[in-house]
Structures are given as C-alpha cells and as structure tokens.
Amino acid sequence: MFEPNMLLAAMNNADSNNHNYNHEDNNNEGFLRDDEFDSPNTKSGSENQEGGSGNDQDPLHPNKKKRYHRHTQLQIQEMEAFFKECPHPDDKQRKQLSRELNLEPLQVKFWFQNKRTQMKNHHERHENSHLRAENEKLRNDNLRYREALANASCPNCGGPTAIGEMSFDEHQLRLENARLREEIDRISAIAAKYVGKPVSNYPLMSPPPLPPRPLELAMGNIGGEAYGNNPNDLLKSITAPTESDKPVIIDLSVAAMEELMRMVQVDEQLWKSLVLDEEEYARTFPRGIGPRPAGYRSEASRESAVVIMNHVNIVEILMDVNQWSTIFAGMVSRAMTLAVLSTGVAGNYNGALQVMSAEFQVPSPLVPTRETYFARYCKQQGDGSWAVVDISLDSLQPNPPARCRRRASGCLIQELPNGYSKVTWVEHVEVDDRGVHNLYKHMVSTGHAFGAKRWVAILDRQCERLASVMATNISSGEVGVITNQEGRRSMLKLAERMVISFCAGVSASTAHTWTTLSGTGAEDVRVMTRKSVDDPGRPPGIVLSAATSFWIPVPPKRVFDFLRDENSRNEWDILSNGGVVQEMAHIANGRDTGNCVSLLRVNSANSSQSNMLILQESCTDPTASFVIYAPVDIVAMNIVLNGGDPDYVALLPSGFAILPDGNANSGAPGGDGGSLLTVAFQILVDSVPTAKLSLGSVATVNNLIACTVERIKASMSCETA
C-alpha cells in the first residue's frame, strides 16, 4: 500500500516534472528520483545514492536526501531501439517493456516523454540553424543586387533605371514610351509617303497633348475586338451533328449525289438555254430538302471547263477544307469541318462524307455573305469519274443560318490525258439577297457573283498557278524572272497569304463590324478595326481597314491593266509619292500575262527618303480580277527569295477587286459593260493592341482612300475621253 507521504511526494513531483526531467544532456536521461518510484518491490541493487542540495530535498521530509536511479546501459539501449520503432508506446507496450527491463511502467513513460522532448529540441535547433544560414544568404544576395541596380542603365533610353526611386509600373511605362517614340517615327515616315504632305498636318504623326478619345459615330464605336469576335457571327451558332442526325445526313447525301449526276448532264428538259426549269426540277426531284422558304430566290447555273490538274488532286482539294478555302479564297471567306462521318474506302475519298460550315463572299462590304451548313459527299462513278456534292442540313439546326441554303451543288470530274481534267460544275442555291446593295443587285441576281461560272473560273486559274509552282523548266533569259525553285515557292506562298488576308478583310462577313462614314465626298467609305496579337504574319497593334465600292464605266480588263501596270502606278498610288516604280522580279503563273507575282521597288523622288519594296499579285479571269499589294521589308524579302520561311513576314495588304457589272448595256465603251471596283486599305494605326482609335487616324485613312478613288476616276476618264 502507498503511504500518504509517498502519494503527496508523487503529486509534488508531477507539478515539477519539467524541472526534474526535461534535460538536454544525454547523461541525465538515465536518472530518476527514487522517491517517485519507491515501493517494496522496486528496490534495485544498482541504485546510485547522491547527496542533494537543499532545493532538491522533499519539503515534507526535509531531512531525507533524494536518491536517483541510473538506468543501465542495456535498459537505455533497449528503450532507444523501441523508440525508433514506436516513439509513443501505449499502456500495454509500456508494461511489457517495464517487465522486460525490470522497471516500473511510470519510469518507462517518463523516459519516453523526455526522449521525445529531447528530439523535438534537437530538430528545432537544427532548423533554426538552417534558416539563419538561408536568411544570411538572402540578405547578402539582396545587398549585391541593390548595388548592381544602383549602377545599371536603361538599355532603351540610356538613362538610370532608378528602381529604388520609382514604382515598377512607372519603370515599365518609361521603357514602353521609349519604344513608342521609335514606333511613332516609323509610322510617321510611312504615313508621309502615303499622303505626300508634311507630317505635322496629320494628327496620327505626332502625339497629341491629350490621350486620343475613342471614335464615336452615329453607329457606335468602330470595330470591336480581334477578328471573329462579333457576337452576331452566324457561323458560331452552328453546332456539330448529333448521333440521331447521321442517318438523315446519309440519306440526304445519297439522294443529292443522284440529283447532281442528273443535273450535270445536258438535259433539255431540265436546262433550257442554260436556265434551270424550276417546274421540271420539282417534278424530277420530289425528294430533297423541302420547298423553298418564303422570300427566298432560286439561283441555278451550270458550267464546264478543262483544267490543268489531275482528277485525283482536284478531289483532294475539294475534300480538304484548308486547301478548298485557300484555292477559292476569293469566294470562301471562312470554312470548317464539323464532323467526318466517313473517310472513304481503299485509301481514297470514295465514299467520304463530311459535315461542314462555310461563308461565301463577294469581295465588297456591300454584298452580305452567304452562310451555309451542309454535308459534302464524294463518290467515284462507274466510269472512273469522280463527283463531289454539297447538300444543306439547315433543317437539323435549331437556329439555321439565314440567307442561303444549298440544294444539290457540286461538280463531276473526268480524267483526261496528260494530267488534264474536265470539270462540270452545278451551283443550285436558294437565297434571301434583299440585303444586297443596289450597286451589286444586277450582278448578284444574274449569277455572276456566286454562280457555277465563277467557281470554275477560279479553279481553272488556280490550277495554272499551282502548275507554275511545280514548274522546273524556267527560262533564265528574261530579265527579272526568278529561277530559284525554292525562292519561287516561298514568294508564291507569301503572295498567296497576302491574297487570302485581303479577301477575308474586305467582305461583309458577319464576323466583321463595319461602320459607314458619311459626308466624306467618297462613295460610302466603310471602316473597321481589328486587333492583331501574337500573329507573326501581321504587325502587332490596331489595324484600321477601310473599303469603298463604286461603279466605273470602263470594262474590267482595262481597269485591271491600268492598276497592275507599274508604269501607271504613280497616277493613283499615293504611296509612291511621285517616285519611279520599277519591277525587280516577277513570277508568271498563268496563260494570261496579267496573272503574275511581282516585286516592285519605289525609287523615291525625295533623296532623303529611303526606297521601299512592294509585293504585288495580279490575277484575272472572266469573272473577277484582283490587284493586291503590300509593302515588305527588304531584309525579309531577301530571306524569302533565298527559299526562307515566308510565314514570318509581316503583311498588311491593300488593293483592288474588279468585278464585271453583269450588264453589257451599261454605257461602257465597246459594249463590254462597266466595272464594280472595290478599293481597300489596311493601315497599322497603333502598335499597342489595347490602344484606342483616334479620330485623326480615321480621317487620315479616309482621306487616303478618297484621294485614291478620285485619282483612278480621273485617270480612267482621260483614257475613255
């Protein structure tokens, strides 16, 4: 039994536990006070009795000296080993350990408590030492960096960085200001060449005293965000087909293929003087996509041509959305494949079926684009010919695109000797064209804008262009002809991108937001802005596009020859500023001499201004002609001419689209009809994509386009006088 004095001693010991047992010295871990564990059964022959000080004596027994037990080496080793495996033994483990080591469970408990405290203190000392070393290292690094920054200078402006005296944002603004000063100088030089007047006359050239305010017109702010962010974009509302739609798509495609094969034939019952008999068509093809919607007009045309391309390559172009939209860039402003239901059999496109969306255009902001959602089906016929057909799927969309739907439209491709093919094209659509401007109504209604003749003419011209890319027997006798094969390909690829960019930027696509400027003296100049960000093929910043379309009583061929001729360029091109334009190199890419890519040099009349290079592509066919050009960097063009990658050459194309008005009795000399001419410019007005457009920038571009139009009219009227 425990005596009362022993119980009180144990209680006093618990209150002073930390003082008696939490020692850092490893030698103390084996000492325990005897009066804590003193019982008849705990006497040990290994006791080490020591005399204590007055502070160590029991207050209830002042004459009794404290005795301490020192654990044996074996006991310590066993508890050390057990501690490594289990630092927190439970009651059962402590009792088992005490029996094995001939100790009391309370002795074992306090030994483990002290051991844990000792390990914790050891770890804390180690961590503190490590943190002090890291802190000292960081302090030294900080001092070293401060000393380096104190002696640093700005790489752009050459002044002191003064990081310690200004905020980080202020420092970044100083760097940006230095860069903008260089950019303003460069833009000023370019603009001066465009307008031919001193820089000080135009707000764009020198920074105004106040930040430019955003352009606010009656129709709202110009432009919007980057290209394609218009919330009214119809193509964005089109979704891919569901699983339940696929059987319907297959049935429609098979029926459309049968319809196309009948439509391409010379059938006098269907085609009367090349005009589709609508009543006979309805009797012959009762199936299809249903009756014509109210307010829609039917457009049907058929055209054939022999082209210089293998039939297999033509099929590949039509079934690859990227190649298709590139070849027909003058008509297809955007296109995408939404689903592939079949890739074909036997390693070719026989039986291939795709679901697509596309936007068809006329290169003018006055003609609304035609958005369609359709299936494209390819099949090889029994005689070895190939057919590719489109059929609208508008009925499968909850909100079908407005304005246009395609009945069975496409082409039959027949193989001919020597790599030629015969292409017979049928275009059959139902369209709501009430939004077309009066200037283009006749051209559109007669099928000249979107008909089969236009598709075939573009294909024929592009086949000739591709043949010139692959040509190897280039004559080196003519001056200026590029004979380097890699250089030819790089230059043609660069020119191709220039044409695509021009066509995509001049149409009335629902992805665009055009604003009409009124009271300018020119025919409805339309402007829009686009943000160019992270595009290696276009300079970064705010790009202002301006376009206008007008009728001129001159045949398209005469207008085309005038605009593409470098000898008459200074009559309309303000950019040349009276300088002499000289053709340095060219690549012919078709039978017509007007189809070529040229590299022009403008020798400035002012000796203080440096000469510049212009990349120009001119192309023509019976349905449309283009003269498209862009200033290019001399160093970049040298890389391209040596076969370098043209994708990183920054371009902002400008130019002209020349279309026949479709009326032979329009008053043009010779009875060839007049021309519908679209003039378009793209100008970088600010190199910062987040900048706001100033009124001065719009005024400068508006003056540029108005002056160009007046010069063209004056020159052409002199020719026809």
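Let's start in the middle of things, with Gln361: skipping its neighbours within four places in sequence, Gln361 is in contact with Ala329, Gly330, Met331, Val332, Ser333, Thr369, Phe450, Cys503 and Ser507, where contact means heavy atoms within 4.5 Å. Keep in mind that this is a predicted model: local features need pLDDT of at least 70, side-chain atom pairs count only at pLDDT 80 or more, and totals for chains, interfaces and linings use all residues. Residues are numbered from 1 along each chain as its sequence is written, and side-chain values use heavy atoms, with hydrogens and water left out.

Where does Gln361 lie? Look in the loop between strand 10 (353-360) and strand 11 (370-380). Helices (H or I, at least four residues) and strands (E, at least two) are DSSP runs, numbered from the N terminus. Gln361 has a relative accessible area of 0%, so it counts as buried; the cut-offs are under 20% for buried, over 50% for exposed and in between for partly exposed, using a 1.4 Å probe and protein chains only. A polar atom of the Gln361 side chain sits 3.0 Å from the backbone oxygen of Ala329.

Now hop over to Ser333, one of the residues in contact with Gln361. Ser333 belongs to strand 9 (residues 332-342) and is buried too, because its relative accessible area is 14%. Beyond its neighbours within four places in sequence, Ser333 touches Glu359, Gln361 and Ser507, if touching is read as contact. With Glu359 there is a side-chain to side-chain polar contact at 2.7 Å. That term stands for a pair of N or O atoms within 3.5 Å; within protein, one must be able to donate a hydrogen and the other to accept it, and residues adjacent in sequence count only if both atoms are side-chain atoms. Ser333 and Ala508 are 175 residues apart along the chain, yet their C-alpha atoms are separated by 9.8 Å.

Let's zoom out. The protein has 17 helices and 24 strands, and 48% of its 721 residues are buried. Of the contacts between residues at least 6 apart in sequence, 66% join residues at least 24 apart.

What about disulfides? A disulfide is a pair of cysteine sulfur atoms within 2.5 Å, and by this rule the count comes to 0. Take Cys378, for instance: the nearest cysteine sulfur, that of Cys411, is 8.9 Å away. Cys378 is buried at 0% relative accessibility, while Cys707 is partly exposed at 30%.

Finally, the empty spaces. Rolling a probe the size of a water molecule over the atoms shows where empty space is left. On a 1 Å grid over the protein atoms alone, a cavity is a set of points where a 1.4 Å probe fits but cannot get out, and lining residues have an atom within 4 Å of a point. Grid points are joined across faces, edges and corners, and a volume is the space filled by probe spheres set on the points. The structure holds 9 cavities of 30 Å³ or more, and the largest has about 160 Å³ of space. Its lining has 16 residues, with Ile327, Ala329, Arg461, Gln462 and Val499 nearest the centre. Helix 14 gives the most to this lining, with 5 residues.

The second largest cavity has a volume of about 80 Å³. It is lined by 13 residues, and Arg376, Asp390, Arg406, Gly410 and Trp425 are the closest to its centre.

Conventions
1 Å grid on protein atoms, 1.4 Å probe; cavity = no way out; pocket = protein on both sides within 12 Å on 5 of 7 lines; lining within 4 Å.
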